[in-house]
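User: I'd like to go through this one and check what stands behind each label. Can you set the values against the cut-offs for me?

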Amino acid sequence: MSVMRRSLLVVVSAVTAVVMGAGSGTAVAPAPDMGTGTDTGAGTGTRTAGTGAPGTAGAAAPAPIAPEADLAHHGQVVLRDGQLHVWVGSENHGPSGLPDATVRLDFSVPLAPGQEVPPACLWGGDRTVLCRTGELRAGGRARGVALDLRTLGTPAEVVVDVDTAWNGGASDRNPENNRHRVLAPATGDPYVF
């Protein structure tokens, strides 16, 4: 039997053993070195310090499970004569606390350049403002942030999309209460979300 056929037979046998062993719950040894002279010893059943499992040299430890927190944003939008007033407050329904989170406000119209935003906020573009909530304990609320902005011109209405840009790496099984789309006609009335 030629060297090439023998190598192919070894590979096919190893793949078959892996496939069959995977379904039976038994451990299967990897295929031996194929004559390349590069056998590193991985999979020989030796333990590498800190990895915990045989044959997992250099494998990363499993990722920790993310905490769960239900972040929610509520507030109001008022538009009159090109003046846009937005108040947004955030709360955490738990069960885990959050060291910080970021709420994103996207506006359907461009905002006048050069405007200042509160210290907890920054511009994310000509139509986007990002604001920190600060620490949110489980069952706790943030103080909230008020934005007084000017639009370019005097639009008849503005749509504000509210969403979480960052939640501290927590999982949120109920993201619907932190996503809102608010249509605010230029009536001067508060439109609540």
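User: What makes Arg141 count as exposed?

Analyst: Bear in mind that this is a predicted model. Arg141 has 66% relative accessibility, and exposed means over 50%, so Arg141 counts as exposed.

User: And its partner Glu91, buried or exposed?

Analyst: Buried. The relative accessible area of Glu91 is 15%, and the cut-off for buried is under 20%.

User: How do you know that Glu91 and Arg141 form a salt bridge?

Analyst: Their closest N and O atoms are 3.9 Å apart, and the rule asks for a side-chain nitrogen of Lys or Arg within 4 Å of a carboxyl oxygen of Asp or Glu, so the pair passes. Glu91 sits in strand E2 and Arg141 in the loop between E5 and E6, 50 residues apart, which links distant parts of the chain.

User: Why is the pair of Asp100 and Arg132 called a salt bridge?

Analyst: Here the N to O distance is 2.7 Å, and the limit is 4 Å, so the label holds. Asp100 belongs to the loop between E2 and E3, Arg132 to strand E5, so parts 32 residues apart in sequence are tied together. Asp100 is buried at 12%, whereas Arg132 is exposed at 53%; the cut-offs are under 20% and over 50%.

User: What about Arg173 and Glu68, how far apart are their N and O?

Analyst: 3.3 Å, and the side chains meet in a salt bridge. This pair too links distant parts of the chain: Arg173 is in the loop between E7 and E8, and Glu68 in the loop between helix H1 (3-24) and E1, with their positions 105 residues apart.

User: What makes Glu68 partly exposed?

Analyst: Its relative accessibility is 27%, and partly exposed is the range between the 20% and 50% cut-offs, so that's where Glu68 falls. Arg173, at 72%, is exposed.

User: How many salt bridges does the rule give?

Analyst: Seven. Some share partners: Asp163, Glu176 and Arg179 are joined into one network that way.

User: How do you know that Cys121 and Cys131 form a disulfide?

Analyst: Their sulfur atoms are 2.0 Å apart, and the cut-off is 2.5 Å, so they qualify. The structure holds one disulfide. Cys121 lies in strand E4 (residues 121-125) and Cys131 in strand E5 (residues 128-132), so the link ties together parts ten residues apart in sequence. The angle about the S-S bond is 110 degrees, and the link is right-handed. Both cysteines are buried.

User: Which residues of the largest nonpolar core touch the most other members?

Analyst: Val77, Leu84, Leu105, Phe107, Leu147 and Val158, out of 23 residues in that core. Strands E1, E2, E3, E5, E6, E7 and E8 each supply at least two of the core's residues. Looking past neighbours within four places in sequence, Phe107 is in contact with Leu84, Val86, Arg127, Val129, Leu149, Val158, Val159 and Val160. There's also a second, separate core of seven residues, including Ala69, Leu71, Leu98 and Ala142.

User: Why is Asn167 called buried?

Analyst: Asn167 has 15% relative accessibility, and buried means under 20%, so the label fits. Asn167 is in the loop between E7 and E8.

User: What does the side chain of Asn167 reach?

Analyst: The backbone oxygen of Ala170, at 2.8 Å. A polar contact needs N or O atoms within 3.5 Å. Beyond four places in sequence, Asn167 is in contact with Leu71, Leu98, Asp100, Ala101 and Asp172.

How values were computed. Residues are numbered from 1 along each chain as its sequence is written. This is a predicted model: local features need pLDDT of at least 70, side-chain atom pairs count only at pLDDT 80 or more; totals for chains, interfaces and linings use all residues. Side-chain values use heavy atoms; hydrogens and water are left out. Helices (H or I, at least four residues) and strands (E, at least two) are DSSP runs, numbered from the N terminus. Buried means under 20% relative accessible area, exposed over 50%, partly exposed in between (1.4 Å probe, protein chains only). A nonpolar core is a set of buried Ala, Val, Leu, Ile, Met, Phe, Trp, Tyr and Cys residues joined through side-chain atoms within 4.5 Å. Contact means heavy atoms within 4.5 Å. A polar contact is a pair of N or O atoms within 3.5 Å; within protein, one must be able to donate a hydrogen and the other to accept it, and residues adjacent in sequence count only if both atoms are side-chain atoms.
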